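Trainee: Hi! I'm new to this one, could you walk me through it?
Mentor: Happy to. Let's put it on the screen and go topic by topic.

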Amino acid sequence: MFKKIKLNNYMFFSSIAIYLIICVISISVGSVKIPFSDTIRVILNKLISIGNISDISETIVTIIMNIRLPRVIMASIVGASLSLAGAVMQGLLKNPLADGSSLGVASGASIGATIAIALGITLPILNEFSIIITSIIFAFLSLFIVLYVVKKIDPKMSTNTVILAGIIFSMFASSVSSLILAIFSNDTKKIVFWTLGSLSSSNISKVLIILPIFLICVTYILSKIAELNVFQIGEDGAKYLGVNTKSTKIMLFIFSSVLVGMSVAMTGNIGFVGLVIPSIVRMLVKTDYKLILPFSMILGASFLCLTDLISRTIIAPSELPIGTVTSLFGAVIFVYILYNFKKKKGV
Amino acid sequence: MLKVHSLSVKLNNKIILNDISFNVMSNDMFMIIGPNGSGKTTIVKAIMGDVKYIGNIELNNKNIKKISVSDISKQIGVLMQNHNLEFDNTVYDIVSLGRYTYIKDMFGKLSHIDKIMIEEAMELTDIKNLRNSSINNISGGELQRVFLAVVLAQDPDILILDEPTNHLDLKHQIDIFDILKKWSLKDNKAIIAIIHDLNLVYKYATKSLLLKDGKIISCGDVKDSLTRETIKETYDIDIFEWMKTLLGNWK
């Protein structure tokens, strides 16, 4: 692997700048083309009341504020969530191939979402949240089942067994979801949505629902940076160094399942983001979660905004499912990582 | 410092340890020996609370079950048997993980004392020149010294080592034991080590415990507990005759 670059504040801020540029491009490009300057002016005016936008037509303002901006924010939250969850799962399991999709968590969450939609389950009071909540519960349940089964089969929880179990579970879960949808609804488009993901249904109210959940999870996970660093020498080692491993591990698994579950509930199953992004970050920086977690989030957000842009423009006016684009990149990088990993281990 | 009293462990209805008692005092080099499967590692696991046991273990006159994970880690350090690191990091960063239990800062920022302890640990284990090397690019012997530095940086009172010199060549084995001997003579420090090489035990231990089928064969000062008779009882080998044969080969 190539030499790691030393990352500093300067690079951190420039990656944020790149992310913001991607956002502006994403908002401006589409069936209606909007000049970049207008996009920036509208957003600044609407969010922090700077400048005057009386010369920009009402339609453009509506397109930006009600359609494209929510979509970009949704893409950013989901991209950051999946990457963060992937980075955490990889760290806890000491497994470079772990993430929401390879462990079956995302497919498990889809079962929850499809059950809620197909059977029309709505929880009292929490009406708006019912899909999110069933997804999160199924996400955590899936993770628990996969890890429990692996622990029974292979107490050492080797990388290959974990991934194999995750992928088998994932296939099983996808079949269950498809079955539920096939039986209870005739809409095949919906099946595609849950298996390949889409950001097309993003709107402001959805963003407002998941933003607080996202912020709570991120805050908790970032407060466990030191523990994640110690986990790299193994669970026993971490305990002997003073980490309360059991509770830390369970809490981190819960919060990362919440991130994956809520992402799946909002946008369907977008594969490989959680695997690819942290892996790229790990190629760039050393294993220090103080760097890995924030960079994974920024890169994940940028990646999903960019792939969403590609998926909705490349065959316009139709839309490609975003999961197709992410999996296309993801599968290639997955193989590359696996190859390097095996070579390093000399297997 | 550490008192183990009537320790018994049963796993799946099989008795692993049977009525084990011993004391480890300051400046002890306490070495546990015995055939494979005699229960050596289980003693370590019991001390660290990783298996259920009957009996009583006291750390500085306090029941170890009542001490929190974080407080135990300030008093006992454990050098692990197997290290497998999936990810890439520098030697310095790995050694600094030993300071986890003392770090108050949320982002793990090291204090002045932390940095001094890390430097001392790297000095003692002679890995200062490797500080910026990736742990994936160093040799097995160096990696073992890095992990020893982690537990030394942890600054425990008692250091527990489970076969610390496994897979190391003779020169590196002696290096590690010289480091440990030097460390154990500091104020209020002690070492508990599981060792296979009887010669190393004889040379470095102050006390030894011979274990067979979960029972103590002998325990006490190394000169009294590690004898031709006790070794015969533990391993069914006459050590003197065996060594004589070996020595003959080097004539």
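Trainee: Which residues have the most contacts inside the largest nonpolar core?
Mentor: Those are Val95(B) and Ala149(B), in a core of 164 residues. Keep in mind that this is a predicted model.

Trainee: And which helix gives the most to this core?
Mentor: Helix α3 of chain A, residues 58–93, with 17 residues. As a general point, nonpolar side chains tend to be buried together in soluble globular proteins.

Trainee: Back to Val95(B). What is it in contact with, leaving aside its neighbours within four places in sequence?
Mentor: Val95(B) is in contact with Ile118(B), Ala121(B), Met122(B), Val146(B), Ala149(B), Val150(B) and Ala153(B). You'll recognise Ala149(B) there, named with Val95(B) for the most contacts inside the core.

Trainee: Okay, now the two chains. How many residues does each give to the contact?
Mentor: Chain B gives 25 residues and chain A gives 25 residues. On the side of chain B that touches chain A, the elements giving two or more residues are α2 (69–75) and β6 (76–79) of chain B. α2(B) gives the most there, with three residues.

Trainee: What's the mix of nonpolar, polar and charged on that side of chain B?
Mentor: The residues on the side of chain B that touches chain A divide into 11 nonpolar, 11 polar and three charged.

Trainee: Let's zoom out to chain B. How many helices and strands does it have?
Mentor: Chain B comes to 10 helices and 10 strands. Its C-alpha atoms fill a box of roughly 55 × 50 × 35 Å along the principal axes.

Trainee: What does the radius of gyration of chain B agree with?
Mentor: The value for chain B is 19 Å, and a compact globule with 251 residues would have one near 18 Å, so the two agree. Buried residues make up 39% of the 251 residues in chain B. Also, among contacts in chain B between residues at least 6 apart in sequence, 66% join residues at least 24 apart.

Trainee: I see β6(B) again in a sheet. What's the strand order there?
Mentor: That open sheet has six strands in the order β6-β7-β8-β3-β9-β10 (chain B), and the pairing is mixed. Its edge strands are β6 and β10 (215–221) of chain B, each pairing on one side only. From one strand to the next, the twist averages 15 degrees.

Trainee: Does anything pack on it? I mean, which helix?
Mentor: Helix α9 of chain B, residues 228–235, packs on the sheet and touches β9 (207–212) and β10 of chain B. The direction of α9 makes about 155 degrees with that of β10(B).

Trainee: How do β6(B) and β7(B) run, parallel or antiparallel?
Mentor: They run parallel, and four bridges join β6(B) to strand β7 (residues 158–162) of chain B. Within that pair, Ile76(B) stands opposite Ile158(B) in β7(B).

Trainee: And the sheet of four strands, what's its order?
Mentor: That one is also open, with the order β2-β1-β4-β5 (chain B) and antiparallel pairing. β2 (14–24) and β5 (62–63) of chain B stand at the edges with a single partner strand each, so one side of each has no neighbour in the sheet.

Trainee: How many bridges join β4(B) to β5(B)?
Mentor: Two bridges join β5(B) to strand β4 of chain B, residues 54–59. Leu59(B) stands opposite Lys62(B) in β5(B).

Trainee: Which helix lies across β1, β2 and β4 of chain B?
Mentor: Helix α1 of chain B, residues 40–47, running at about 70 degrees to β2(B). The strand β1 covers residues 2–11.

Trainee: New topic: Asn13(B). Where does it lie?
Mentor: Asn13(B) lies in the loop between β1 and β2 of chain B. Asn13(B) has a positive phi of about 65 degrees although it is not a glycine. Asn13(B) counts as exposed because it has 5 other C-beta atoms within 10 Å, and the cut-off for exposed is 12 or fewer.

Trainee: What about Asp19(B), what is its phi near?
Mentor: Phi of Asp19(B) is near 55 degrees, again positive in a residue other than glycine. Asp19(B) lies in strand β2 of chain B, and is partly exposed, with 14 other C-beta atoms within 10 Å.

Definitions and conventions
Residues are numbered from 1 along each chain as its sequence is written. Chains are lettered from A and ligands numbered from 1 in the order in which they are written. This is a predicted model: local features need pLDDT of at least 70, side-chain atom pairs count only at pLDDT 80 or more; totals for chains, interfaces and linings use all residues. Two residues are in contact if their C-beta atoms, placed from the backbone, lie within 7 Å. Ala, Val, Leu, Ile, Met, Phe, Trp, Tyr, Cys and Pro count as nonpolar, Asp, Glu, Lys and Arg as charged, and the others, Gly among them, as polar. Two strands pair if DSSP finds at least two bridges between them. Axes are lines fitted to C-alpha atoms, for helices over the stretch in contact, and angles run from 0 to 180 degrees between N-to-C directions. A nonpolar core is a set of buried Ala, Val, Leu, Ile, Met, Phe, Trp, Tyr and Cys residues joined through C-beta atoms within 7 Å. A residue is buried if 20 or more other C-beta atoms lie within 10 Å of its own, exposed if 12 or fewer, and partly exposed in between; C-beta atoms are placed from the backbone. The radius of gyration is taken over C-alpha atoms; the globule rule is 2.2 Å times the number of residues to the power 0.38.
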